[in-house]
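Subject: Structure for your review

Dear colleague,

Please find below the structure that I am handing over to you. After it I set out what was found, in an order that I hope is convenient for a first reading.

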Amino acid sequence: MAKTVDQYLDDLRGTRVWRSIFRSGTGSSTLKRALAIQQNVFLHLFSTKVRTRMLSFSATWYLGTLTLGTFLILVATGIPLMFYYHPSVPQAYADTKDLQFVVSSGLFLRNLHRWSAHAMVFLVFAHMFKVFYRGAYRTPREFNWVIGVILLLMTLLLSYTGYLLPWDQLAYWAITVGSNIASAVPVMGEKIHFLLLGGNAVNANALLRFYVLHCMILPLTAMFFVAIHFWRIRKDGGLYSHDSEPATVRANAAAAAANAKEGQ
Amino acid sequence: MADSKDFTAGIDSNAKKSPRRIVFITRRTSAQVKAETEDQLQTFPEVLFRAAVAVMTLAVVLVWIALIFNAPLEGLADPSHTPNPAKAPWYFLGLQEMLHYFPPVVAGVLVPGLVVMALIVIPYFKVNIEADGLFLKDRQKRLRIFYVVASLLSLFLLLFKVYAALVPTLIMAGVMLVAAQSSPQSPSAFRRYLAGRPLSYWVMTWFLFELVVLTAIGTFFRGPGWSFVWPWQG
Amino acid sequence: MADEIKKTDDVNRRQFFLKLGLGSLGIAAAGTAAFAYQYLDPNVLYEPSPVVNAGKPDRYPLGSVTIDVNSGIYIIHSDEGYFSLSAVCTHLGCMTAWKPELNMIACPCHGSKFNEDGKKIEGPAPKPLPWKRIWLNDDGDLLVDRSTDVPPLVPDSYVRV
């Protein structure tokens, strides 16, 4: 009797090799679904069960998830772009033009990278305002809000350092203006300006420093804080909802009981 | 039951042995369990699939935009030739608009620094946690403070001719006056809503309003030499 | 009633959508892989041209073996005419040298030795030194194409002036 494809797949899943890699396997039982989260190194940042109110779209518009999504798109497009980009002057500009005209899919990758960057800055601001207007910064979530502000600054810095890399007129003068603002800091301004650029003007040293910041230092720092941010959400009890906070639930229950007693 | 212990506990000082966990349960206490009253769902598939759909939708939109619109690229960087106007990326244009009115120390260092610090300390102020309507308590005293602050701010902006920031400030002050005249018993739902808004809401909304207006002006209404132009003249 | 009519190889709705979804993701993944490969394979190289201009033939007297270390070739003027050998040792890529006192081409790295026709005399080199295509251009200069091999010792591999 010939075996169907499904039967072959089941045989494959029963082999020792398969079971040594995928220990829990798929399935629709509660146990299997919990194991899929708990036994996965990437996913076990989540808890295996969440409160229903965490899924509410109207509460958050999923802005935090979308911000993370743009970040992942930026990493996925940014790393391939690094294969054709030399962070030297004036090679950087020639490489950007090469990416647009000569490299297969280069124009698409550059465009996607640029528009995702703008989207991420917009989404991170929107996320901040939505969290604020929900009041989701209240105890015990204060520190997560501070981490969020740090991530906002990381996003702006990432966008700013990336802006210089094409080495065109737009990039050069935007960064010149911005770094001159940094020199307006009292007392340390000139030193900050000098250290930021690796010199007195926006030149080859500045490009290399911004490249290292943009591709290595800032993404790693951002990922570090993103991990803490997600972990804090879980440990603080999931999504915030004023009506669902235990104190409010108890108060409402007590008030309802008191009303019921008066009514009798 | 008497408070005195009717047992003695000894300590084993052999550090190499595995520690034993011992629970002392007295008669007065029992294990406490926090009863969870809310419904729960499994992370996989509920959360993960919703997140995947959201991110995939975002990816489709961004890919579509990337296929249609090209990222800008101007000529090679030329330190000897400054383009006119030299504009920062759009999210910094609000800042650049303020640089038009104030010196760099104020617009570039002081204001952003104060804004960041103000954002960070929001959750640590009790008034933001309680979040009661601003004018529902101590109404007269708070109204007086409001008049002083609003007038000083408007005067300051007028003095420096920062009309771009003055107009939103005046609009917000007007809305806050409406809120001051409202209460939870007001006839219209909008005025009831305004009455319940706390101080943090007013400050943040004013900030958001200013951010949008200043960025919009910097983007669309500024031309060569940072002069005022209409968007269609650009 | 409906269950009796259903045949055993019918696909139910869940399986259909599962197959549709996984199939689409599979196609998307395959497409992404194809485009990624195309992206990583450069269309334009910024490397020097393989064609080398060796100058006028009278720079190379009869019986001479001249090496150009920058382009990695020998220009040899023998009785049959001018021909060109690759100077890169076929063992592991070191630059060989002409030893006139020994009348052979020797590689300093692992001791491979070749005669004037590129044939290997001794050493770990697996193949003889390849002959490269040589011709005269309109100005009368000798040109060598390092990317094209020609068969050794046949008349067409020489340039006669």
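Helices here are DSSP runs of H or I with at least four residues, strands are runs of E with at least two, and both are numbered from the N terminus. Please keep in mind throughout that this is a predicted model.

**Helix α5 of chain B and the residue after it**

With this definition in hand, we may begin with chain B. Helix α5(B) covers residues 139-159, which is 21 residues. At 1.5 Å a residue the helix should span 30 Å, and its end C-alpha atoms are indeed 30 Å apart, so the expected and the computed span agree. Just after α5(B) comes B:K161, whose phi is positive, at about 60°.

**Other unusual backbone geometry**

As background, most residues other than glycine have a negative phi, and most peptide bonds are trans. The following places depart from that pattern and deserve your attention when you inspect the model.

Two further residues have a positive phi without being glycine. In A:S105 the angle is near 65°, and this residue sits in the loop between α6 and α7 of chain A. In B:W226 phi is near 55°, and the residue belongs to the segment after α8 (199-220) of chain B. Are these residues buried, exposed or partly exposed? A residue is called partly exposed when its count of other C-beta atoms within 10 Å falls between the limits of 12 or fewer for exposed and 20 or more for buried. A:S105 has 15 such neighbours, so it is partly exposed. B:W226 has 16, and therefore it is partly exposed as well.

Chain B also holds cis peptide bonds. One joins B:F44 and B:P45, with omega about 15°; B:P45 lies in helix α1 (residues 43-68) of chain B. Another runs from B:N84 to B:P85, with omega near 5°, and B:P85 is placed in the loop between α1 and α2 (93-99) of chain B.

**The overall form of chain A**

Chain A has twelve helices and one strand. Read from the N terminus, its elements follow the order α-α-α-β-α-α-α-α-α-α-α-α-α. Its radius of gyration is 25 Å, well over the 18 Å that the globule rule gives for 264 residues, so chain A is more spread out than a compact globule. The C-alpha trace spans about 80 × 75 × 25 Å along the principal axes of the chain. Of the 264 residues in chain A, 32% are buried. Among its contacts with a separation of 6 or more, 65% are between residues 24 or more positions apart.

**How the chains meet**

Which pair of chains shares the most contacts? Of the two pairs in contact, it is chains A and B. This contact takes 63 residues from chain A and 53 residues from chain B. On the side of chain A that touches chain B, α7(A) gives the most, with eleven residues. The residues on that side of chain A divide into 38 nonpolar, 17 polar and eight charged.

A strand pairing also crosses between these two chains: β1(A) and β1(B), the latter covering residues 40-42, pair in the antiparallel sense over three bridges. Within this pairing, A:R51 stands opposite B:Q40. By contrast, no contact joins chain B and chain C, and their closest C-alpha atoms lie 11 Å apart.

**The sheets of chain C**

One open sheet of chain C has six strands in the order β1-β10-β9-β4-β3-β2, with antiparallel pairing. Its edge strands are β1 (51-55) and β2 (65-68) of chain C, each of which pairs on one side only. From one strand to the next, the twist averages 30°. Four bridges connect β2(C) with β3(C), residues 73-78, in the antiparallel sense, and C:V65 stands opposite C:I76 in β3(C).

Another open sheet has four strands in the order β5-β6-β7-β8 (chain C), and its pairing is antiparallel. At its edges stand β5 (97-99) and β8 (120-122) of chain C; each has a single partner strand, so one side of each is left without a neighbour in the sheet. Inside this sheet, two bridges join β6(C), residues 104-106, to β7(C), residues 113-114, and the two strands run antiparallel. The bridge partner of C:A106 in β7(C) is C:K113.

Yours sincerely,
A colleague

Terms used:
Residues numbered from 1 in each chain as written. Chains lettered and ligands numbered in written order. Predicted model: local features only at pLDDT ≥ 70, side-chain atom pairs only at ≥ 80, totals over all residues. Rg over C-alpha atoms; globule rule 2.2 N^0.38 Å. Contact = placed C-beta atoms within 7 Å. Expected span 1.5 Å × (residues − 1). Pairing = 2+ DSSP bridges. Axes fitted to C-alpha atoms, helices over the stretch in contact; angles between N-to-C directions. Nonpolar A, V, L, I, M, F, W, Y, C, P; charged D, E, K, R; others polar.
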